[in-house]
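Colleague: I'd like a close look at one part of this protein, the nonpolar core, with a bit of context around it. Could you walk me through it?

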Amino acid sequence: GYVYTQAGMLEDAKAQLDAALSNQPDFAPALAALGYVTRRMADKMVDSPEKSILYTDAERLLLRALTASPKLIDENDEAWWGSLGGLYRRRGQIQQAIFAYNKATEATPHSSYAHGNLALLYAQTGNVESMLETYVRVEQLAWGEVQGKIDNYWGYADLLTARLALGKQEKAEEALEAVLRTVPSESPEAFKMLLETLRRLQQVLGPDRGAHITSFIDRIAAADEARMGFGTGKTA
């Protein structure tokens, strides 16, 4: 189920996770993983009653898992609370999303991932000062992560985002080079997730303070297109 999820093969992932739960219905890691896959399926749909139902199903599965195991982490050593926070953010439930990502920081206090999501959510509530303060922490944590593992794409992605938020454009260029160098081949959605984050950051910063992010978005989008084989005659 994990392998298929990373490859973006969500229907296959769901089948494997359903099989795991048929053997052990209360297995928290499988419940959480199925909740995340269900949320990813909903993300791809246009607004509709069916999409709302999938989000509700995903929320139920994640809450079941996290009620049973509040410190539950995934195969990437991130708290499953983050996936629940992402669901709430997509539904516009910002305070619930902040609560979930705060729980994620409690489960994984040294992870830049949860702190980075909190930063953007603070901005959505109009608290830009808290956003910037949190991004200072994100930069520190992400720098530590990439020092510990030099091919840590997700750490570099958080480092890039934090430096752009803090206006450190020269340092952001260094982080971008690392992002492009370390993108994992087994995760076709990696660049798309980063692009979504940078577009959200640019939106909350506004047209003046966020103008410098445009060139970074353009370069990552071009790299994503080249990676997928568009315009090269190759099939992805």
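Before the core itself, what radius of gyration would a compact globule with 236 residues have, and what does the protein have? Then, which residues have the most contacts inside the largest nonpolar core?

Modeller: Sure, keeping in mind that this is a predicted model. A compact globule of 236 residues would have a radius of gyration near 18 Å, and the protein has 18 Å, so the two agree. Along the principal axes, the C-alpha atoms fill a box of roughly 50 × 45 × 40 Å. The fold is built from 12 helices, with zero strands. As for what's tucked away, 47% of the 236 residues count as buried.

Now for the core. The largest nonpolar one has 70 residues, and Tyr135, Leu160 and Leu201 have the most contacts inside it. Helix α3, covering residues 28-43, gives the most to this core, with 10 residues. Zoom in on Tyr135: leaving aside residues up to four places away in sequence, Tyr135 touches Gly116, Ala119, Leu120, Thr161, Ala162, Ala165, Leu166 and Leu201. Leu201 thus turns up in both lists, as a partner of Tyr135 and as one of the residues with the most contacts inside the core.

Stepping back to the whole protein, take contacts between residues at least 6 apart in sequence: 56% of them join residues at least 24 apart. On the outside, the accessible surface comes to about 11,800 Å², and 52% of that belongs to carbon and sulfur atoms. As for charge, there are 25 positive and 31 negative ones, and their mean positions are 1 Å apart.

Conventions
Residues are numbered from 1 along each chain as its sequence is written. This is a predicted model: local features need pLDDT of at least 70, side-chain atom pairs count only at pLDDT 80 or more; totals for chains, interfaces and linings use all residues. Side-chain values use heavy atoms; hydrogens and water are left out. Helices (H or I, at least four residues) and strands (E, at least two) are DSSP runs, numbered from the N terminus. The radius of gyration is taken over C-alpha atoms; the globule rule is 2.2 Å times the number of residues to the power 0.38. Buried means under 20% relative accessible area, exposed over 50%, partly exposed in between (1.4 Å probe, protein chains only). Contact means heavy atoms within 4.5 Å. Accessible areas come from the Shrake-Rupley method with a 1.4 Å probe; for residues, only the protein chains shown count as cover. Lys and Arg count as positive and Asp and Glu as negative; His and the chain ends are not counted. The place of a charge is taken as NZ of Lys, CZ of Arg, CG of Asp or CD of Glu. A nonpolar core is a set of buried Ala, Val, Leu, Ile, Met, Phe, Trp, Tyr and Cys residues joined through side-chain atoms within 4.5 Å.
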